[in-house]
Every structure is written in structure tokens, then in C-alpha cells.
Amino acid sequence: MSMYVFTVISGLLLLLCFYLVIVYFAAKIKPLDFLFKIREVQLMAFSTSSSAAVMPLSMKTAEDKLNIPTPISKFVIPLGATINMDGTALYQVCAAIFLTQLFGIELSLIELIVLAMTTVGASIGAPSTPGVGIVILATILQGIGVPVEGIALILGVDRILDMCRTTINVTGDLTACLVMRKLTSFSKKSKIILLNDIKASS
């Protein structure tokens with residue numbers, strides 16, 4: 001069980017590092033500066049385990065501390081709270097593989113890939129409320145032949161992992177806001193250059 005928890009948390013930390021790299025190249029913000037600016041959002045997400053509950057604070061932080069335009073924050077963050085569940089998807093894949101190994105169910109490479117794709121697909125559109133991930137996981141486990149009773153084995157550590165994965169989910173939402181700002185600014189610059197070229201040619 002301790003190795004299962006360690007594996008999930010290690011995966012979430014790797015995902016966080018991936019987000020920090022994206023932030024650095026997309027917005028030229030140092031990783032520690034980014035974490036400092038969004039610390040209140042992460043703490044609230046960790047304590048509530050709900051992306052929906054953190055949504056107003058996420059939008060305020062994006063606009064006030066990350067200089068995200070209001071239209072972008074109001075579009076990306078509510079959308080991300082529903083479909084950007086990277087932390088949840090990672091957790092569910094790890095939990096499913098852990099339980100298949102525990103019950104002695106052998107999965108081929110193709111079956112592992114299908115399991116990962118199914119889990120990611122199931123996490124999209126999942127309600128951003130505490131404890132929903134375990135319900136979706138139960139549905140996935142039934143499809144691969146794992147007894148639903150196996151869920152009881154990981155319920156004891158599910159709450160702390162739920163808090164951790166929600167923190168990663170909201171971090172991903174704010175990262176997406178920075179990427180969207182970069183893309184829109186690049187698009188505007190391209191339009192200006194194009195208009196200048198048209199004026200110069202005419």
C-alpha cells in the first residue's frame with residue numbers, strides 16, 4: 001500500500017514538474033515564482049479536494065497575479081475544472097494497475113494501453129467534487145475483471161490522494177491559462193504583421 005501511495009504521489013510530482021517547464025517556456029515565469037503566486041489556490045484545492053470550489057479563487061489569481069485577460073480566465077478555468085483532470089487520470093491508472101496486480105490479473109501491453117486510454121477518457125467530464133474519482137474507478141475495474149470489493153482496500157488512502165491530485169488539476173488549469181495567453185498574443189502579433197505587409201504591398 002505504501003508503494004502504491006508513493007507511486008501515485010511521485011507521478012503527480014512529475015506532472016507538476018512538466019507543468020512548471022511549460023510555464024517557464026510559455027510565459028517566462030520561473031518555477032518558484034509561479035508556485036509562489038498560485039500557492040493560495042493550491043492550498044485551497046488541497047484542503048477542499050474540489051476544483052469547482054476553488055474556481056473563483058483560481059480566476060482571481062489568474063487575473064491579478066498572472067496577468068491573464070478576463071475572457072481567457074473565464075473560459076479556460078471553468079472548462080478545465082471539467083475536462084482537465086490529468087491528476088485524476090494518473091491516479092486512476094495507478095490504482096487500476098495496483099489492484100489488478102493485487103488480485104493476480106495479468107494484463108498484456110495492449111490491455112494496459114487500452115486501460116490507460118479508457119481511464120483518461122473516463123476522467124474527462126468527471127464532476128469536480130470530492131470522492132467522485134473512486135466511483136469512476138469502480139466502473140473501470142468492473143470492465144477489466146477486478147472485484148469491486150478491491151475498492152475498499154484503497155479507500156483508506158483515497159482522501160489524501162484526492163487532495164494531492166486536485167492540487168495538480170488546478171495547477172494544470174492555471175498553466176493552460178498562460179499557454180492560451182501566449183497563443184492569443186502570438187495570433188494578434190501575426191495579424192498585425194500581416195496587415196502591415198498588406199499595407200506595404202499596396
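**Chat about an all-helix chain**

Modeller: The chain has nine helices and zero strands, counted as DSSP runs (H or I, at least four residues, for helices; E, at least two, for strands) and numbered from the N terminus. This is a predicted model, where local features need pLDDT of at least 70, side-chain atom pairs count only at pLDDT 80 or more, and totals for chains, interfaces and linings use all residues. Residues are numbered from 1 along each chain as its sequence is written, and side-chain values use heavy atoms, with hydrogens and water left out.

Colleague: How much of the chain is buried?

Modeller: Of its 202 residues, 42% are buried, meaning under 20% relative accessible area, with exposed over 50% and partly exposed in between (1.4 Å probe, protein chains only).

Colleague: And the largest nonpolar core, how many residues does that have?

Modeller: It has 49. A core here is a set of buried Ala, Val, Leu, Ile, Met, Phe, Trp, Tyr and Cys residues joined through side-chain atoms within 4.5 Å. Tyr4, Phe34, Tyr91, Leu137 and Ile154 have the most contacts inside it.

Colleague: Which elements feed that core?

Modeller: Those giving two or more residues include helix 1 (2-27), helix 6 (86-102) and helix 9 (151-201).

Colleague: What does Phe34 touch?

Modeller: Leaving out residues up to four places away in sequence, Phe34 touches Leu20, Val23, Ile29, Leu66, Thr171, Leu174, Thr175 and Leu178. Contact means heavy atoms within 4.5 Å.

Colleague: New topic: where does Val114 sit?

Modeller: Val114 is in helix 7 (residues 109-123). Val114 is partly exposed, with a relative accessible area of 46%.
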